[in-house]
Every structure is written in C-alpha cells, then in structure tokens.
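This report describes how the strands and helices of one chain are arranged. The sheet comes before the helices that pack on it and on one another.

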Amino acid sequence: MAAREPLSTPFTSSSTADDVLRGVDLTGVRAIVTGASSGLGIETARALTAAGAEVTLTVRNTTAGDAVAEAIASSTGGIRPRVVRLDLADRATVTRFVDGWDGPLHLLINNAGVVTGGLERTREGWELQFATNHLGHFALATGLHGALAQGALDRDGARIVSVSSTAHMRSGVDFDDLHFERRSYDPQIAYAQSKTANSLFAVEATRRWASDGIIANAVNPGGVATGLQRNFTTRQKESLDAAEAAGVFRYKTVEQGAATSIVAAVAPEFAHSGGHYLDDAQVAYTVPNDADLAQHPHGVKAWALNPATAQRLWTASTNLLRV
C-alpha cells in the first residue's frame with residue numbers, strides 16, 4: 001500500500017482568518033470561543049460570526065465582552081455574539097457554563113490563556129497557568145462532550161481547537177510535580193508545560209471521541225502581540241526579544257495569527273483527522289525532544305504528541321478535577 005501523503009492546506013503563514021473562510025458558509029454552526037475579549041479571541045470570533053456562525057464569547061469580564069460583541073455585530077452585519085462569564089481557573093464558573101449550555105455544539109475554540117510573572121495558585125493550590133490553560137479547558141471540553149456529540153450528528157462532525165504555542169518546546173509535562181510544589185518556579189517552564197498539555201489534550205480527545213464524530217487539533221498561532229504579554233517579567237520580555245532576533249519567529253498580525261485556528265476549525269482536510277499540531281496553517285513536522293527551538297521554530301516536539309503521555313495526562317486531569 002502506498003504511503004499516505006501528509007495533510008496539507010492551501011494556506012500559509014501570511015494567510016488571514018478571512019482568507020481561510022472565503023466562500024465558507026457557517027450558517028447554523030454553533031461555536032464557543034474562550035478568551036474572546038482580547039487579541040486572537042476577538043479576531044477568531046469576528047471571523048466566525050462574519051461567516052454566519054452563532055458564536056458564544058466566554059470572558060472573565062462581561063463588560064469587556066459586551067463591547068466586543070457589539071463591535072463584532074456592527075462590523076460583520078452578523079448576529080450579535082452571546083456573552084457568558086467564564087473563569088477557567090474557577091471550577092464553579094466552568095460547571096455553571098456547562099450546565100447552562102443547551103443544544104448542540106459544533107465548534108469549541110479553546111483559545112484563552114494566561115501568562116504569569118511569578119508563582120500564582122488557584123484556591124485548590126494548583127499552579128495558575130496549568131490550571132487555566134489546561135485544566136479549565138479540559139473541564140470545559142469534557143463537560144460539553146454531549147453537546148459536541150449532538151453537534152457532530154447534526155453536521156457530520158464537531159471540532160475542538162486547542163491553542164498551543166511554540167513555547168511547548170521548552171518543557172514536557174512533569175507528572176511528579178505538576179504544580180511546582182517541589183521544583184523551583186520558572187514561569188516560562190510553567191507556561192511551556194501548559195502548552196504541551198494543550199497539544200496532548202488534542203491527541204487523547206481525538207482517540208477517545210473520534211467515534212462520536214468529535215475531532216481535536218492543536219494550533220500554534222505564531223508570534224502575535226496581544227494582551228497575553230501584559231504580565232511578562234523583564235526576563236520574559238528579554239527572552240521573547242532574543243527569540244525574535246534569532247529568527248525563532250516573526251510577528252504576525254492578529255488576523256494572520258487567528259488563521260491557523262480557523263483552519264483547524266473549518267478546513268475540510270481536518271473534518272475527520274485529529275490529534276495534530278498545526279503551525280502556519282499546516283501540520284507541523286515532529287522533532288526529537290532534545291531538538292533546539294531556534295533551529296526548529298515550526299516543529300512540534302515528540303513529547304507533545306506522545307499517545308501514552310496524552311493518556312496519562314487525561315487520567316491525571318480527571319483525577320485532579322474529581323477532588
């Protein structure tokens with residue numbers, strides 16, 4: 001049997017979200033975009049609304065969310081997105097959101113993320129970046145599984161987009177110390193661990209849920225100047241500047257950064273194919289765990305796609321959320 005050609009799309013690093021959606025009609029599609037009050041979340045939600053989708057914006061600040069929803073409705077001429085409060089670091093708000101969701105769901109864009117300058121913890125004692133970027137989205141997706149399965153029946157499949165980052169190349173998942181209770185805290189390593197977890201979620205969610213018609217893929221939006229950097233320490237800013245100078249990345253516009261999320265959400269190539277890590281609108285090539293980030297800025301480390309690790313993380317996440 002001939003080897004399968006790797007998945008590819010007609011889009012590139014310079015493509016925008018609107019480029020990806022040109023000619024695509026999302027009327028009847030129900031979508032959730034987390035972290036939709038700034039940056040990539042706003043553009044992702046705007047582009048989906050412009051294509052006809054019924055979008056729900058989840059935000060911590062509903063006043064900011066309402067302003068975004070009004071701007072999106074005005075600029076697109078589409079239906080005003082719904083705004084619902086959701087704090088991914090607060091399990092009670094995740095539970096309320098899930099319990100309040102009614103009907104099918106076709107697209108879940110797990111876009112929200114936080115970066116901290118120092119060690120912060122949730123009320124459970126969990127490290128905040130891992131708790132928000134991974135555990136909160138994990139609880140949201142598993143809680144909405146039934147709605148996604150219903151959506152998959154409606155439209156021949158439902159999709160989850162898990163926003164990761166090149167930062168995943170700095171660290172795998174340390175199962176012996178997920179919450180930095182013993183090791184010295186490094187906010188960059190903590191963020192990296194959470195971004196690896198985002199990719200591993202897509203791997204295991206696809207394995208578990210593909211039979212329900214639910215596919216998950218991870219995406220790297222690339223270097224985009226957003227509110228995510230507002231809490232950077234001087235060291236983090238210097239590290240980012242050095243990476244840019246070394247050619248690890250070049251800044252994209254928000255419209256270009258959102259394109260890879262939209263590819264994972266709507267491109268026919270990913271209708272039934274998940275567990276991938278996308279970069280610049282394409283499936284990234286896999287590199288060894290000891291590969292240098294500067295030499296492989298568009299790769300994905302093996303630890304972020306390892307099926308056994310993905311299963312272990314799913315079990316660990318489920319156990320944590322049962323506490």
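## The sheet

In this predicted model, an open sheet of 8 strands follows the order 3-2-1-4-5-6-9-10, with mixed pairing; strands pair if DSSP finds at least two bridges between them. Strand 3 and strand 10 (282-283) stand at the edges with a single partner strand each, so one side of each is left without a neighbour in the sheet. Helices (H or I, at least four residues) and strands (E, at least two) are DSSP runs, numbered from the N terminus.

Residues are numbered from 1 along each chain as its sequence is written. Local features need pLDDT of at least 70 and side-chain atom pairs pLDDT 80 or more, whereas totals for chains, interfaces and linings use all residues, and side-chain values use heavy atoms, with hydrogens and water left out.

## The two edges

At one edge, strand 2 (residues 54-59) runs parallel to strand 3 (residues 82-85), the two being joined by 4 bridges, and Leu57 has Val83 in strand 3 as its bridge partner. Together with helix 3 (residues 62-76), strand 2 and strand 3 make a right-handed β-α-β unit, where right-handed means that, with the strands pointing away from the viewer, the path from the first strand over the helix to the second runs clockwise.

At the other edge, strand 9 (residues 277-279) pairs with strand 10 in the antiparallel sense over 2 bridges, and Leu278 has Val283 in strand 10 as its bridge partner.

## Helix 4 against helix 5

Helix 4 (residues 91-100) and helix 5 (residues 128-143) pack at an angle of about 20°, their axes 10 Å apart; axes are lines fitted to C-alpha atoms, for helices over the stretch in contact, and angles run from 0 to 180 degrees between N-to-C directions. That makes helix 4 roughly parallel to helix 5, a term for angles under 35 degrees, while 65 to 115 counts as roughly perpendicular.

Val94, Phe97 and Val98 in helix 4 meet Gly136, Ala139, Leu140 and Gly143 in helix 5, contact meaning heavy atoms within 4.5 Å. The residues of this contact divide into 5 nonpolar, 2 polar and no charged, with Gly counted as polar.

## Helix 2 against helix 9

Helix 2 (residues 39-50) packs with helix 9 (residues 254-266) at an angle of about 65°, with the axes 9 Å apart, which makes helix 2 roughly perpendicular to helix 9. Among the residues that meet are Leu40 and Leu48 in helix 2 and Ala258 and Ile262 in helix 9, and the contact has 5 nonpolar, 4 polar and 2 charged residues.

Methods
Angles under 35 degrees count as roughly parallel, over 145 as roughly antiparallel, 65 to 115 as roughly perpendicular and the rest as oblique.
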